[in-house]
Protein chains: 4
Amino acid sequence: MSGNSFGTAFRITTWGESHGAALGVVIDGCPAGLVLSAAEIQRELNRRKPGVSDVTTARKEADEVQLLSGIFEGKTLGTPISLLVWNKDVNSSTYESFKHIPRPGQADYTYQLKYGRRDHRGGGRASGRETLARVAAGAIAKKILAQHSVEILGHVVEIAGIRAREVSAAELRDHAERTTVRCADPEAAKRMEAAIKAAKEEGESVGGIVEVRALGVPPGLGDPVFDKLDAELAKALMSIGAVKGVELGAGFEAARLRGSEMNDELFVHAGRIMTRTNTAGGVLGGISTGAPLICRIAVKPTPSIAKPQRSVNMTTMQDVEIQITGRHDPCICPRIVPVAEAMVALVLVNFLLRNPPRI
Amino acid sequence: MSGNSFGTAFRITTWGESHGAALGVVIDGCPAGLVLSAAEIQRELNRRKPGVSDVTTARKEADEVQLLSGIFEGKTLGTPISLLVWNKDVNSSTYESFKHIPRPGQADYTYQLKYGRRDHRGGGRASGRETLARVAAGAIAKKILAQHSVEILGHVVEIAGIRAREVSAAELRDHAERTTVRCADPEAAKRMEAAIKAAKEEGESVGGIVEVRALGVPPGLGDPVFDKLDAELAKALMSIGAVKGVELGAGFEAARLRGSEMNDELFVHAGRIMTRTNTAGGVLGGISTGAPLICRIAVKPTPSIAKPQRSVNMTTMQDVEIQITGRHDPCICPRIVPVAEAMVALVLVNFLLRNPPRI
Amino acid sequence: MSGNSFGTAFRITTWGESHGAALGVVIDGCPAGLVLSAAEIQRELNRRKPGVSDVTTARKEADEVQLLSGIFEGKTLGTPISLLVWNKDVNSSTYESFKHIPRPGQADYTYQLKYGRRDHRGGGRASGRETLARVAAGAIAKKILAQHSVEILGHVVEIAGIRAREVSAAELRDHAERTTVRCADPEAAKRMEAAIKAAKEEGESVGGIVEVRALGVPPGLGDPVFDKLDAELAKALMSIGAVKGVELGAGFEAARLRGSEMNDELFVHAGRIMTRTNTAGGVLGGISTGAPLICRIAVKPTPSIAKPQRSVNMTTMQDVEIQITGRHDPCICPRIVPVAEAMVALVLVNFLLRNPPRI
Amino acid sequence: MSGNSFGTAFRITTWGESHGAALGVVIDGCPAGLVLSAAEIQRELNRRKPGVSDVTTARKEADEVQLLSGIFEGKTLGTPISLLVWNKDVNSSTYESFKHIPRPGQADYTYQLKYGRRDHRGGGRASGRETLARVAAGAIAKKILAQHSVEILGHVVEIAGIRAREVSAAELRDHAERTTVRCADPEAAKRMEAAIKAAKEEGESVGGIVEVRALGVPPGLGDPVFDKLDAELAKALMSIGAVKGVELGAGFEAARLRGSEMNDELFVHAGRIMTRTNTAGGVLGGISTGAPLICRIAVKPTPSIAKPQRSVNMTTMQDVEIQITGRHDPCICPRIVPVAEAMVALVLVNFLLRNPPRI
């Protein structure tokens with residue numbers, strides 16, 4: 001009820017502040033008997049890790065995961081899996097000047113209002129660092145999904161107004177992880193990277209659009225009328241910091257289509273019912289159709305920019321001008337890809353595990 | 001867990017099929033002592049009611065609400081409020097031909113897959129008629145919010161590619177309900193209406209964008225990191241049939257802004273901290289800022305169109321061509337406005353009532 | 001969150017006041033495809049119905065159930081099942097004198113404190129009449145359980161200090177429903193009946209102990225460490241008005257046993273692992289063992305007695321003496337039997353339906 | 001949904017196996033601004049700690065708590081509090097012989113059935129050691145309750161059939177913690193201690209009854225009709241391993257009382273409404289009355305006894321005789337006292353924090 005848990009059948013509870021002792025997650029509901037090692041989780045964490053390229057923050061964190069419970073002789077027990085990552089490269093000094101001054105576009109101001117106090121160091125609980133717990137839990141969700149032949153693929157489709165061309169699942173699988181910006185269109189990727197660097201040099205940041213596709217999703221997932229598959233995906237994705245919009249299939253473009261363009265007609269192919277188009281994005285009436293699930297999120301430019309900004313000292317109640325130093329991502333899109341994948345995986349694994357059998 | 005409940009502190013459970021005996025909702029958690037009459041709920045239901053203009057379906061339903069519990073001597077008891085609307089103008093004959101043939105763009109196919117059976121008459125549980133329960137519960141939520149000076153205003157901002165100009169809250173309040181399409185820009189409203197009629201004559205349907213604003217929202221609502229205010233709004237709005245996208249504040253436009261354009265700078269005005277801009281849309285870090293909450297949804301064109309479409313007979317497994325007759329909205333946007341308002345109200349009243357006191 | 005729902009996978013939400021328009025329940029999560037008729041639910045409701053013998057209240061209610069949704073062509077749809085019973089034989093006049101005077105042992109005083117107001121007629125929401133919704137939902141739960149070979153058997157084992165002898169499941173099945181007091185020991189049943197009548201003549205009421213057994217429960221139900229099978233049963237049974245204690249297996253007697261007496265030793269019989277004794281009552285570590293589930297509840301004497309009692313006028317804040325007239329059960333035990341069975345069935349069906357598959 | 005969380009507003013999620021790396025708990029929903037130190041939690045953990053007297057197990061664990069998140073500058077942040085205790089004095093060798101042989105009266109058999117595997121070392125997740133996480137979370141709950149003038153007092157009232165005399169709250173406060181067995185009647189305490197030692201020498205174990213009282217509970221807590229205060233207490237207490245029964249106020253004795261004996265009459269005293277008796281145990285209609293809350297649990301004798309017992313080898317499916325060595329409590333009652341207090345505190349703090357304001 002207090003916001004730090006997600007899911008029902010596969011329920012995760014995350015905890016930790018950016019500059020506290022550690023961050024972690026407890027996963028309740030992972031089925032027993034799953035082969036699981038720290039290395040598998042580490043692999044996903046490394047995709048989210050800071051300090052790996054010159055378009056991400058310079059904070060250096062090994063983000064080494066430690067498994068504390070729920071696994072015995074290399075397999076899950078069905079009991080809660082607790083894991084954590086210790087914070088190491090913590091430099092809180094640059095944050096001291098913001099103890100009483102909320103940074104524009106950040107949660108500083110609202111946390112202070114809601115809780116009456118906050119850990120101002122590195123954004124505290126509102127830091128993007130919180131998402132490592134999502135990625136760790138998502139790694140386990142992905143493994144369960146993979147055993148049911150569900151594959152989750154994320155990539156950047158737009159940064160700073162530069163749009164990648166449409167790519168097939170095969171292209172996505174082959175190219176996205178090879179580029180610094182996680183864009184499967186290598187040519188666009190280069191221009192995106194340049195745009196990020198240019199923005200950084202100007203003390204600016206840029207936003208973009210990230211897409212996640214899920215292939216092999218079994219039909220029938222989703223619980224109308226409120227816990228629809230698309231509704232849960234919308235919540236899951238919008239809960240990632242910096243996300244300002246979520247869409248499925250044709251998304252906002254659907255507002256401009258006509259009924260005959262939007263409707264995916266059905267036909268029989270090799271004894272199965274299929275649709276030629278997928279404007280629905282894999283969901284009808286809140287239930288998966290069996291076609292690829294396609295969702296996109298709008299990511300705002302990182303609020304931490306070097307340019308001077310106006311804010312307020314909450315103690316003295318005076319206007320001030322601030323300049324944010326420290327280590328920040330000029331564009332968060334590439335690092336949001338594994339986080340968005342994790343959230344999609346968490347939604348799917350929940351529906352998969354709680355799907356009631358028919359009588 | 002099975003999808004027909006929404007909310008925690010103010011929890012609603014809806015039930016009913018389009019052509020069944022009745023539809024209704026049970027509201028658990030409405031505080032005791034609220035003055036409440038059926039007439040107040042009826043007023044909101046009438047805004048959603050079919051058959052009121054030539055751009056909506058011709059189905060005639062009085063949709064008269066009946067209160068069954070939870071109210072005594074004109075005030076709520078704090079016990080569950082049960083209310084229902086009997087189905088009357090039911091004509092199931094036009095649906096018989098679709099018993100085995102899923103209509104494209106509808107939930108027919110996925111319901112059949114998920115449940116192994118469905119009430120095919122009028123879309124059954126997946127019918128838009130389900131939303132009357134949301135509107136009825138939303139009417140109570142709005143009343144509670146109004147007592148806390150929160151106002152919910154919905155309107156159509158785009159239909160068939162025709163965009164309304166930006167309007168102030170005052171304009172919205174004055175004009176939106178006066179036009180058939182619920183658009184606060186009277187000039188655009190006329191063109192939208194014409195576009196809907198033109199589409200209808202061609203056997204087509206059109207989509208659009210609906211915006212909901214909430215004014216007077218107290219700061220501090222929302223429970224990071226998963227149950228963020230914007231995340232809950234995204235779920236609530238995406239759970240409405242026909243919605244393919246949700247955005248807050250700058251929304252998808254944020255992907256093209258630079259950090260300095262996106263960040264709402266803070267300043268002190270008359271002893272209070274404010275922002276001049278509101279690209280955030282009233283939420284930072286998942287917590288309300290106190291600025292107006294602004295969200296928009298992409299509404300797809302109604303799938304029920306008169307044009308011939310290709311589908312499949314699920315029993316014979318043969319391709320077929322179908323033609324949908326019956327009474328349908330050529331554009332659902334105007335009638336979605338009160339539904340979207342209801343969902344926003346339900347999200348807000350939940351956070352308002354469960355907001356834990358500080359120590 | 002507000003107390004009127006029970007369960008997760010098979011979630012019921014009940015509503016209604018004793019002298020309001022109606023009482024009912026919405027069941028969310030009943031699997032699709034279950035053959036279900038109103039008559040089957042009616043059969044269970046009739047077991048709880050008032051006015052059927054001279055040891056129960058004289059209120060005459062047909063308690064005729066009306067099904068409003070979730071069923072189509074005689075089978076469940078997987079959508080919410082809404083059902084209600086209209087209140088008919090309502091005589092609120094005898095309650096007027098208690099509008100400001102809480103009756104001892106009743107919820108009058110606490111409802112007034114909690115909600116600031118209450119429907120004082122017939123106990124309002126706190127009336128035992130609320131349990132008809134539990135019994136109706138329980139009838140559906142029992143049907144699902146029966147399809148999994150689980151049988152629920154309830155009976156009275158003690159009234160007014162008169163204890164029935166131990167009975168086998170066969171005796172229980174054959175005799176309990178044939179006696180007015182629902183006791184499977186016919187000889188004890190007669191003495192219980194006499195004791196109830198004697199108490200009634202003195203303007204008194206008596207309590208007793210009700211036992212529910214569940215046969216055929218599959219092993220593995222229950223979710224440690226908090227949602228243990230016995231923990232959920234304890235909650236479910238203690239939530240019935242008038243229940244002051246719950247025990248499983250040896251129950252309170254376990255406090256006086258030695259380890260070697262309490263432990264059920266295991267042995268192999270015909271290729272299966274079994275225990276000779278069942279002091280555990282069918283649960284170990286919060287998980288069903290496969291042995292019969294045995295639970296008992298302590299039922300207090302009905303608080304509504306004819307004898308004069310002292311209370312307080314909450315408006316004038318003066319001590320008063322009251323005398324309760326009206327129609328009341330001198331012993332609620334026989335009518336609690338179907339309610340307790342229903343609660344056990346609801347707990348079991350939830351675990352059955354949400355039991356996650358192994359990897 | 002998977003059993004390792006408890007509560008709504010103040011929600012705890014526990015994790016860890018007896019011989020794993022560590023055990024811990026995440027608390028979500030602790031209000032911001034609470035002064036909190038590890039020492040305060042440690043104090044309660046020390047009350048539950050093993051190895052402190054000759055009537056408890058000889059396992060030596062410092063059980064030193066480590067706080068990982070949610071606290072900043074000595075006060076809670078309103079974000080999740082994560083804490084853990086590392087396992088140190090682990091000796092798994094004595095458990096090797098039970099890898100395939102379930103110990104009678106233990107959860108070995110049911111865990112194996114439910115999950116298909118288990119951590120057999122020290123009982124794994126089913127170990128009583130799990131309760132340290134409850135006690136740690138309960139320490140925080142107690143602190144919040146103390147700020148609302150609620151006091152929780154637990155004590156042993158019966159062991160091995162030896163019953164303590166009735167004690168006042170003052171006696172309980174003064175004496176219970178001074179005796180090895182946590183019984184506030186020093187004379188009975190001596191006899192209990194002797195009975196435990198005698199049982200231990202015979203290779204046996206004994207059970208008993210533990211009572212928890214909560215003083216100063218504000219009236220109005222509890223959410224009828226399912227989430228009644230007594231129902232939640234029943235679940236909370238029954239979820240503790242070894243508990244076979246729960247009762248409130250008169251409890252099972254209520255089954256033998258007459259209405260006039262059971263009903264607590266009301267009267268006006270110094271301008272307030274009170275009752276002279278408290279057979280209700282502080283709850284009417286599932287809502288607290290303001291009188292002391294009184295609940296008792298039946299604790300079975302510890303299943304781990306030195307006497308030879310018959311069991312089964314699950315791999316060979318052969319009957320075997322076993323003898324349990326290792327370090328075990330001959331009577332768990334004294335160490336259950338802080339656990340039961342913690343569960344009562346957790347129930348109360350949840351109702352306190354989620355209690356909705358009246359309109």
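A disulfide here is a pair of cysteine sulfur atoms within 2.5 Å. By that yardstick, this predicted model has zero disulfides over all chains. Below is a quick tour of the cysteines, one residue in chain C, the way chains C and D are related, and a helix in chain B.

**Cysteines in chain C**

- The closest cysteine sulfur to that of C183(C) sits in C333(C), 11 Å away, so the two are too far apart for a bond.
- C333(C) has a closer cysteine sulfur, in C331(C) at 3.8 Å, but that is still too far for a bond because the cut-off is 2.5 Å.
- As for exposure, C183(C) is buried at 0% relative accessibility, and C333(C) is buried at 0% as well.

**S5(C) and its surroundings**

- You'll find S5(C) in strand 1 of chain C, which covers residues 5–6.
- S5(C) counts as buried because its relative accessible area is 9%, under the 20% limit.
- Its side chain makes a polar contact of 2.8 Å with the side chain of T13(C).
- Setting aside neighbours within four places in sequence, S5(C) touches R11(C), I12(C) and T13(C) in its own chain, plus D28(B) from chain B and F226(D) and D227(D) from chain D.

**How chains C and D are related**

- Chain C lands on chain D after a rotation of 180° with 0.0 Å of shift along the axis, at an RMSD of 0.0 Å.
- The two copies are therefore related as by a two-fold rotation axis.
- Both copies use the same surface, with 100% of the contact residues of chain C recurring in chain D.
- Which residue of chain C comes closest to the rotation axis? That's K235(C), with its C-alpha at 2.4 Å.

**Helix 5 of chain B**

- This helix takes in residues 186–201, 16 residues in total, and spans 23 Å from first C-alpha to last, close to the 22 Å expected at 1.5 Å a residue.
- Its buried residues are A188(B), A189(B), M192(B), E193(B), A195(B), I196(B) and A199(B).
- These buried residues cover an arc of only 165° around the axis, so they lie on the same side of helix 5 of chain B.
- Strand 8 (151–159) and strand 9 (162–163) of chain B are among the elements covering that buried set.
- Turned away from the buried side is a face carrying the exposed residues K190(B) and E201(B).
- After the helix comes G203(B), which has a positive phi near 75°.

Note on methods: Residues are numbered from 1 along each chain as its sequence is written. Chains are lettered from A and ligands numbered from 1 in the order in which they are written. This is a predicted model: local features need pLDDT of at least 70, side-chain atom pairs count only at pLDDT 80 or more; totals for chains, interfaces and linings use all residues. Side-chain values use heavy atoms; hydrogens and water are left out. Buried means under 20% relative accessible area, exposed over 50%, partly exposed in between (1.4 Å probe, protein chains only). Helices (H or I, at least four residues) and strands (E, at least two) are DSSP runs, numbered from the N terminus. A polar contact is a pair of N or O atoms within 3.5 Å; within protein, one must be able to donate a hydrogen and the other to accept it, and residues adjacent in sequence count only if both atoms are side-chain atoms. Contact means heavy atoms within 4.5 Å. Copies are superposed by least squares on the C-alpha atoms of residues with pLDDT of at least 70 in both. The expected span of a helix is 1.5 Å times one less than its number of residues. The arc is that of the directions from the helix axis to the C-beta atoms.
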